[in-house]
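Trainee: I would like a close look at a single part of this chain. Please pick one element and take me through its surroundings.

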Amino acid sequence: MGIGAFGIDLGSSNIKIYNGFEDTYFMEKNMIAIEGQDTLYAYGDSAFDMYEKAPDNIQVSFPVNMGVILDPRNMNTLIHYFISDQCKGNLHAADYYIAVPTDVTPVDRRAFRNLIRDSNVKARRVYTVEKAIADGLGMDIDVKTSQGVLVVDVGYDTTEISLLSLGGIVYSRLIKTGGQKFDEAIKAAVRKEYGLLIGSKTSEKLKIAVREVESQKRNAVVYGRHIVSGLPVEKEIATELINDSLEEDFAVIMANIRQVLEHTPPELGADIYRHGIYLSGGACQTGKLAAKISKDTGLKVNINTEPIASVIKGLSTIIREERFSSLASYVELNKK
Ligand SMILES: Nc1ncnc2c1ncn2[C@@H]1O[C@H](COP(=O)(O)OP(=O)(O)OP(=O)(O)O)[C@@H](O)[C@H]1O
Ligand SMILES: [Mg+2]
């Protein structure tokens with residue numbers, strides 16, 4: 001028997017859950033499909049399969065938007081079903097550790113704290129953990145003793161830039177850009193250059209494939225609908241076009257990193273200089289983003305093997321290792 005606790009990283013696109021009973025974690029689309037007024041039709045990856053394809057009576061949506069819980073009711077339903085699945089229908093009493101972004105309003109923080117109370121999952125105790133702290137720990141940084149760690153988490157619709165020191169957050173900034181913006185930029189460029197309409201899933205595939213396709217010195221091939229003829233066509237897309245289309249969004253991220261560096265107290269700068277910048281979140285792997293950050297700052301850039309999972313790995317470390325328990329804050333459950 002493992003540890004009676006779950007860790008949850010509520011992404012705007014992907015929910016990641018650590019199951020302490022089995023010492024495993026999984027990831028699914030943080031998405032729900034509701035039929036009619038309020039009948040659950042599908043959730044997780046199977047709801048995502050219907051996205052942009054479902055008939056009008058089925059509403060498919062992401063309850064977390066821009067890093068915060070926009071739709072608590074549907075988020076509670078999702079948590080209930082994901083956790084029930086983990087418990088094979090027989091809910092176990094468990095502790096919960098929830099990663100919360102730092103740079104959000106008090107109302108948004110409260111929504112994270114209340115999430116488990118309202119999800120009907122036999123919660124014993126609930127804790128919150130600053131997301132950037134879990135992120136750093138998940139990248140094997142000893143966040144409790146390091147002074148001056150810069151973590152940039154490029155997610156789906158947010159990028160969180162955080163400066164950590166001695167187990168706390170010195171400064172954190174949540175900006176509204178990420179993988180989704182990259183997909184939109186690619187979509188717009190393909191439309192403008194080739195008169196071709198492509199869906200979000202296709203532009204996401206282009207974004208993920210661009211590095212590999214480029215290294216093979218070939219073009220990417222996509223299917224879309226021609227704006228003028230209205231007919232489906234296959235088209236080769238130059239990798240240069242994709243890279244160029246991403247530059248504007250990369251520049252926004254870079255400008256924010258620069259501002260955070262400018263706000264960094266000099267005593268912490270030395271460690272950042274020594275260790276470099278840590279990138280995480282699924283979309284940090286996009287095209288030439290890491291190379292650009294490294295070139296523009298003159299700093300080394302570190303990316304772990306599984307950047308999409310670093311927050312959930314960090315939560316699992318806090319759950320498993322006693323010496324990190326001080327990084328979690330206890331939540332009074334009965335407070336409304
Ligand atoms: N290999 C890859 N290359 C580029 N982008 C990728 C890759 N793998 C995943 N992504 C992108 O990462 C994004 C999802 O990352 P992640 O799960 O970290 O976001 P999230 O936690 O759901 O969002 P947020 O943190 O903004 O709330 C998607 O936009 C996806 O297209
Ligand atoms: Mg995330």
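Mentor: Keep in mind that this is a predicted model. Start with the whole chain. Of its 336 residues, 43% are buried. Its secondary structure comes to 10 helices and 19 strands. The radius of gyration is 21 Å, and the globule rule gives 20 Å for 336 residues, so the chain is as compact as a globular protein of that length. The C-alpha trace spans about 60 × 55 × 35 Å along the principal axes. Now take contacts between residues at least 6 apart in sequence: 63% of them join residues at least 24 apart.

Now the part itself, helix 10. This helix covers residues 310-320, and 9 of its 11 residues are buried, so the rest of the structure largely encloses it. The buried set starts with Ser310, Val311, Ile312, Lys313 and Gly314. Leu315, Ser316, Ile318 and Ile319 belong to it too. A residue counts as buried here when 20 or more other C-beta atoms lie within 10 Å of its own.

Next, a packing partner. Helix 4, residues 131-138, packs against helix 10 with the axes 6 Å apart. The angle is about 90 degrees, which means helix 4 runs roughly perpendicular to helix 10. On the helix 4 side, Lys131, Ala134, Asp135, Gly136, Leu137 and Gly138 make the contact. On the helix 10 side, the contact uses Ser310, Val311, Ile312, Lys313, Gly314, Leu315, Thr317 and Ile318. By type, the residues of this contact divide into 6 nonpolar, 5 polar and 3 charged.

Key: Residues numbered from 1 in each chain as written. Chains lettered and ligands numbered in written order. Predicted model: local features only at pLDDT ≥ 70, side-chain atom pairs only at ≥ 80, totals over all residues. Buried ≥ 20, exposed ≤ 12 C-beta atoms within 10 Å, placed from the backbone. Helix = DSSP H or I, 4+ residues; strand = E, 2+ residues; numbered from the N terminus. Axes fitted to C-alpha atoms, helices over the stretch in contact; angles between N-to-C directions. Parallel < 35°, antiparallel > 145°, perpendicular 65-115°, else oblique. Contact = placed C-beta atoms within 7 Å. Nonpolar A, V, L, I, M, F, W, Y, C, P; charged D, E, K, R; others polar. Rg over C-alpha atoms; globule rule 2.2 N^0.38 Å.
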